[in-house]
Amino acid sequence: MALFIVLVVCLSCLILFSLWNRRHAKGKLPPGPTPLPIIGNILQLDIKDILYNFFPSLHYFPGSHNELFKNIANQKKFIMEKVKEHQESLDINNPQDFIDYFLIKMEKEKHNKQSDFTMDNLIITIWDLFSAGTETTSTTMKYGLLLLLKHPEVSAKVQEEIERVIGRDRSPCMQDRSRMPYTDAVLHEIQRYINLLPINLPHTVTQDVKFREYIFPKGTEIMVSLTSLLYDEKEFPNPQKFDPGHFLDESGNFKKSDHFMAFSAGKRVCVGEGLARMELFLILTSILQHFTLKPLIDPKDIDTTPSTIGLGSIPPSYELCFIPV
Ligand code: HEM
């Protein structure tokens, strides 16, 4: 209890200090209207950064965050072992993969103090690719199957399209997607509806930026609301409803939408978009080619509300049966 009170007092002090600091700093902002109320202000407050910057010893307090740090440390240890194996087997005339190419570049630039090809960057880049590229796709798939359990009529229509376009004698391939507008629409609708990364990833402006009548001073942390696009009522009427029709025209052709930005947009758009879209199409069609999904409860009782919404939107746990077709 005493520890809890100490923590509450420390937290209150930190928040007060940060509020004071921001009020104080406001006078130094470039001239212009107050930054955008939500993005510019509330989201500039990164509690984690504030806590760790001011109070690094929080790291040592008990709590589930330690599990996360432990896992990340283990993952980095694993990556370091792999890099070591690559160093031992490296043949500069016959690089085998990303790590080999990176190691060669590191060797070439070893005298350049400004080089980005460092061991730290190699490890964090591999970690970044793995962390950004695994749970995103698997969570989308997990959420997608739940939505298909809830909407068996949608699953049945996808299966009908699979039967017509692919059949049962071969595996699905990427060329099939352009001939499967309904399945394409279902995949887009899954990604739209689940809104996997509602506030994208955080970015920081590297210089003062004028956006409409707002000023974002250099260093402002920006979080873009992807929800505002994916749940735009004009673009997707009745956005709270899971409806593949959001991506189909009257003739049943696939209808592209500029609001579909589940992978973000611009210079920092997800580098794995093509891979992820390919994985989602091939995995879903392969499953439905061979199995019919059966829920353990009545579809109308299936709750598709996310179990957690933080940086990501996570589906609730559920059980299902795969019935061979
Ligand atoms: C359904 C699957 C996926 C979704 C919805 C998704 C979405 C996103 C989004 C919204 C971003 C942030 C873009 C920005 O900063 O503006 C991002 C970044 C990124 N994604 Fe994906 N992604 C998916 C799968 C993948 C896959 C399969 C890979 C790679 C193998 C990947 C690699 C990355 C990387 C490396 C970044 C940049 C991270 C950084 O800036 O540090 N993603 N992704």
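In this predicted model, threonine 304 is found in the loop that runs between strand 5 (291-295) and strand 6 (308-309). With a relative accessible area of 11%, threonine 304 is buried. Its side chain reaches the side chain of tyrosine 193 in a polar contact of 3.3 Å, and tyrosine 193 makes a convenient starting point for the aromatic part of the picture.

Tyrosine 193 is itself buried, at a relative accessible area of 17%, and the ring partner phenylalanine 242 is buried as well, at 6%. Both values fall under the 20% limit for burial, so neither residue counts as partly exposed. A pair of aromatic rings is described by two quantities, the distance of the centres and the angle of the planes. With ring centres within 6.5 Å as the criterion, the model holds eight aromatic pairs. For tyrosine 193 and phenylalanine 242 the centres are 5.8 Å apart and the planes stand at 85°, so this pair is edge-to-face. Tyrosine 193 belongs to helix 9 (residues 181-194), while phenylalanine 242 sits in the loop between helix 10 (227-230) and helix 11 (273-290); the pair therefore ties together parts that are 49 residues apart in sequence.

Further aromatic residues come together in one cluster, formed by Phe236, Phe247, Phe254 and Phe260. Phe236 also takes part in an arrangement with a charge: the charged end of arginine 192 sits over the ring of phenylalanine 236, at 5.2 Å from the ring centre. The charged end of arginine 192 likewise sits over the ring of tyrosine 231, here 5.1 Å from the centre.

Attention now turns to the ligand. A shell of 22 residues surrounds the ligand, and the closest are Asp128, His203, Ser264, Arg268 and Cys270. By class, this shell is made up of 10 nonpolar, nine polar and three charged residues. Three side chains can be described by their distances to ligand oxygen atoms. For aspartate 128, a polar side-chain atom lies 2.8 Å from a ligand oxygen. For histidine 203, an N or O atom of the side chain is 2.7 Å from an oxygen atom of the ligand. For arginine 268, a polar side-chain atom is placed 2.8 Å from a ligand oxygen. Helix 6 (119-133), helix 7 (135-150) and helix 11 are the elements that give two or more residues to the shell.

Two of the closest residues, serine 264 and cysteine 270, can be placed in more detail. Serine 264 is found in the loop between helix 10 and helix 11, and cysteine 270 lies in the loop between helix 10 and helix 11 too. Serine 264 is buried, with a relative accessible area of 16%, whereas cysteine 270 is partly exposed at 33%. The side chain of serine 264 makes a polar contact of 3.2 Å with the side chain of asparagine 200. Cys270 is covered by a "binding site" annotation in the unreviewed UniProt entry, and in the model Cys270 is among the residues closest to the ligand.

A last residue to note is aspartate 100, found in helix 5 (residues 98-108). Aspartate 100 counts as buried at 3% relative accessibility. Between aspartate 100 and histidine 86 there are 6.6 Å in space, C-alpha to C-alpha, and the two are 14 residues apart in sequence.

Methods. Residues are numbered from 1 along each chain as its sequence is written. This is a predicted model: local features need pLDDT of at least 70, side-chain atom pairs count only at pLDDT 80 or more; totals for chains, interfaces and linings use all residues. Side-chain values use heavy atoms; hydrogens and water are left out. Rings of Phe, Tyr and Trp (its six-membered ring) pair if their centres lie within 6.5 Å; planes under 30 degrees apart count as stacked, over 60 as edge-to-face and the rest as tilted. Helices (H or I, at least four residues) and strands (E, at least two) are DSSP runs, numbered from the N terminus. Buried means under 20% relative accessible area, exposed over 50%, partly exposed in between (1.4 Å probe, protein chains only). A charge sits over a ring if NZ of Lys or CZ of Arg is within 6 Å of the ring centre and within 35 degrees of the ring normal. UniProt positions are given in the numbering used here, feature names are shortened, and annotations may be inferred rather than shown by experiment. A residue is near a molecule or strand if one of its heavy atoms lies within 4 Å of it. A polar contact is a pair of N or O atoms within 3.5 Å; within protein, one must be able to donate a hydrogen and the other to accept it, and residues adjacent in sequence count only if both atoms are side-chain atoms. Ala, Val, Leu, Ile, Met, Phe, Trp, Tyr, Cys and Pro count as nonpolar, Asp, Glu, Lys and Arg as charged, and the others, Gly among them, as polar.
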